[in-house]
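Trainee: Could you take me through one part of this model in detail? I would like to look at the aromatic rings.

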Amino acid sequence: MKLKEQAKDILAFCFRHCAPLRRLAVFGTAQAENDRLANLIRFFAVDRVVDVGANHGQFANDMRRAGFRGVILSFEPLRECYHYLRSVADGDPNWRIYGYALGNESGERSMNVADNGALSSSLLDEIDLDYGYGVRFVDCEDVKIKRFDDVFRELDLGSKCLFK
């Protein structure tokens with residue numbers, strides 16, 4: 001076996017069996033991706049960012065740190081995350097917080113809440129969340145959902161919008 005193939009096998013083994021390495025790879029990659037995305041936002045002169053599933057505002061904060069000064073519209077249906085997000089965005093007049101999910105149908109549904117700070121919460125009934133982090137659903141919460149088509153006009157998305 002060639003050295004390159006052996007290295008791939010070793011890395012694959014480590015990522016399958018060493019959760020701390022997987023976490024490092026995921027979070028390191030996420031920051032690099034956010035930096036690249038911020039560069040694209042500047043290049044294309046994006047003036048609005050729609051952050052669906054905003055959680056505690058990590059993505060929006062990354063965009064602010066990268067220099068984005070346009071309008072951010074964050075959607076977070078879980079109560080605890082929504083209230084936390086409102087406190088994080090307080091004082092930023094260009095950051096709007098909405099306490100509902102966006103979907104293809106309006107209504108109310110039960111959302112599965114994950115034990116990792118709601119980072120992996122989902123409207124899906126069954127999903128394999130075991131990324132090696134031991135994530136599992138620990139609660140359910142009824143959340144409001146609005147059809148994107150129904151709220152599109154009131155959002156004032158501008159001419160150059162990024163939908164995350």
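Mentor: Gladly; here is a walk through the ring pairs and their surroundings. This is a predicted model, so to speak, with residues numbered from 1 along each chain as its sequence is written. Local features need pLDDT of at least 70, side-chain atom pairs count only at pLDDT 80 or more, totals for chains, interfaces and linings use all residues, and side-chain values use heavy atoms, with hydrogens and water left out.

Rings of Phe, Tyr and Trp (its six-membered ring) pair if their centres lie within 6.5 Å; planes under 30 degrees apart count as stacked, over 60 as edge-to-face and the rest as tilted. By this rule there are 6 aromatic pairs. In one of them, Phe 75 and Tyr 100 have ring centres 5.6 Å apart and planes at 65°, so the pair is edge-to-face. This pair joins distant parts of the chain, 25 residues apart: Phe 75 belongs to strand S2 (residues 71-75), while Tyr 100 sits in the loop between strand S3 (95-98) and strand S4 (101-103). Strands here are DSSP runs of E, at least two residues, numbered from the N terminus.

Tyr 100 also pairs edge-to-face with Tyr 98, at 5.9 Å centre to centre and 65° between the planes. Ring pairs thus link Phe 75, Tyr 98 and Tyr 100 into a cluster. Phe 75 is buried, as are Tyr 98, at 16% relative accessibility, and Tyr 100, at 7%; buried means under 20% relative accessible area, exposed over 50%, partly exposed in between (1.4 Å probe, protein chains only).

Finally, Lys 146 lies over the face of Tyr 100, 4.5 Å from the ring centre; the rule asks for NZ of Lys or CZ of Arg within 6 Å of the ring centre and within 35 degrees of the ring normal.

Technical notes: Helix = DSSP H or I, 4+ residues; strand = E, 2+ residues; numbered from the N terminus.
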